[in-house]
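User: I'd like to learn how to read a structure like this one, feature by feature. Can you walk me through it?

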Amino acid sequence: KLFDDEATSGAPWKWAKAVGVVAGKYLLVETDSGFATVEIRAARERVLCERMLQNSDSSKPSSQKLLIPETVRLSPPAASRLRRYMDAMAGIGFQIEDFGDDHFKVDALPAALAESGIGCRDLLLGIAEDIENGGVRRGGNRWREEAVARCICGTIPKKTVLRIEDAQRLIDELAASEMPYISPRGKPTMVFTSFNELERRFGN
């Protein structure tokens, strides 16, 4: 389990302070009742996924226009699969035009992706290649939007450079999310150690 019995129930913590980053992958966080080791990628996936799904709940999902529209060419099988998810992608803020001949023009991305640094080709290729198996097992636009969001989250880099203020913002957003303890792909976002456990281990 992520938290032992002495940890705060409900929200991950009453207050938290980002201490530093280890190995470019883990964020050390001091809390009111112990410390958490947060996997940065899993935490970013959770925050990003919930942002996109909240965006899809609005009547007009917010998008971020690209300064220069990007044209992406996919293989015929990948292009065919992508076309099946165009409505779901529009539902979370994509603005994509099918140019034919397996070419797609990307005019805008979901606003939540504006600072993610994920390239358009990687996004479309990942959605086209990775989403199909999950999508065919369950129907409905909501499931498709969730599947697209999970697929996008899977393209987040494993390592990242975080300034301490960005790290603090990430843990605050994670704490405010609906499911802070697990990523959209089913991985834990954090491991917690209480101060009482530390005391026991050091024999105090």
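User: Let's begin with Lys105: is Lys105 buried, partly exposed or exposed?

Analyst: The general idea is to look at the relative accessible area: under 20% is buried, over 50% is exposed, and anything in between is partly exposed. Lys105 comes out at 21%, so Lys105 is partly exposed. Keep in mind that this is a predicted model, so we're reading computed values throughout.

User: Which residue does Lys105 form a salt bridge with?

Analyst: For a salt bridge, you look for a side-chain nitrogen of Lys or Arg within 4 Å of a carboxyl oxygen of Asp or Glu. Here the partner of Lys105 is Glu97, with the closest N and O atoms 3.9 Å apart. Glu97 is partly exposed too, because its relative accessible area is 36%.

User: How many salt bridges does that rule give?

Analyst: The count comes to 14. One of them joins Asp102 to Arg83, and there the closest N and O atoms are 3.5 Å apart. Asp102 sits in the loop between β5 and β6 while Arg83 belongs to helix α2 (residues 76-83), so this pair ties together parts that are 19 residues apart in sequence.

User: And how accessible are those two, Asp102 and Arg83?

Analyst: Use the same cut-offs as before. Asp102 has 15% relative accessibility, so Asp102 counts as buried. Arg83 is at 34%, which means partly exposed.

User: Do salt bridges always come as isolated pairs, or where should I look for a network?

Analyst: Check whether several charged residues link up. In this model, look at Arg163, Glu165, Asp166 and Arg169, which are linked in a network of salt bridges. One link in it runs between Glu165 and Arg163, whose closest N and O atoms are 3.5 Å apart. Arg163 is exposed, with a relative accessible area of 51%, and Glu165 is partly exposed at 41%.

User: Back to that loop with Asp102. What is notable about the phi of Asp102?

Analyst: When you scan backbone angles, pick out positive phi values in residues that aren't glycine. Asp102 is such a case, with a phi of about 65°. Asp101 gives you another, with phi near 55°. Asp101 lies in the loop between β5 (95-100) and β6 (103-110), and Asp102 is found in that loop as well.

User: Is Asp101 buried or exposed?

Analyst: Asp101 has 57% relative accessibility, so Asp101 counts as exposed. Asp102, at 15%, counts as buried.

User: Now sheets. In what order do the strands run in the open sheet?

Analyst: Work out which strand pairs with which, then follow the chain of partners. Here 4 strands form an open sheet in the order β1-β2-β3-β7, with antiparallel pairing. At the edges stand β1 (16-22) and β7 (190-194), each with a single partner strand, so one side of each has no neighbour in the sheet. From one strand to the next, the twist averages 20°.

User: How many bridges join β1 to β2?

Analyst: There are 6, and β1 runs antiparallel to β2 (residues 26-31). If you want a specific spot to click on, take Ala16, whose bridge partner in β2 is Thr31.

User: Which strands does helix α1 lie across?

Analyst: To place a helix on a sheet, ask which strands it contacts and at what angle it runs. Helix α1 (residues 40-56) lies across β1, β2 and β3 (34-39), at about 80° to β3. Helix α7 lies across β1, β2, β3 and β7, running at about 125° to β1.

User: What happens after α7? Which residues does Ser177 touch?

Analyst: Ser177 is in the loop between α7 and β7. Leaving out residues up to four places away in sequence, Ser177 touches Arg46 and Glu50. A polar atom of the Ser177 side chain also lies 2.6 Å from the backbone oxygen of Leu174. With a relative accessible area of 11%, Ser177 is buried.

User: One last thing: how far apart in space are Pro157 and Lys25?

Analyst: Compare the sequence gap with the distance in space. Pro157 and Lys25 are 132 residues apart in sequence, with their C-alpha atoms 9.8 Å apart. Pro157 lies in the loop between α6 (141-153) and α7 (164-176), and Pro157 is partly exposed, with a relative accessible area of 41%.

Note on methods
Residues numbered from 1 in each chain as written. Predicted model: local features only at pLDDT ≥ 70, side-chain atom pairs only at ≥ 80, totals over all residues. Heavy atoms only, no water. Helix = DSSP H or I, 4+ residues; strand = E, 2+ residues; numbered from the N terminus. Buried < 20%, exposed > 50% of the residue type's maximum accessible area, 1.4 Å probe, protein only. Pairing = 2+ DSSP bridges. Axes fitted to C-alpha atoms, helices over the stretch in contact; angles between N-to-C directions. Contact = heavy atoms within 4.5 Å. Polar contact = N/O pair within 3.5 Å; in protein donor to acceptor, adjacent residues only side chain to side chain.
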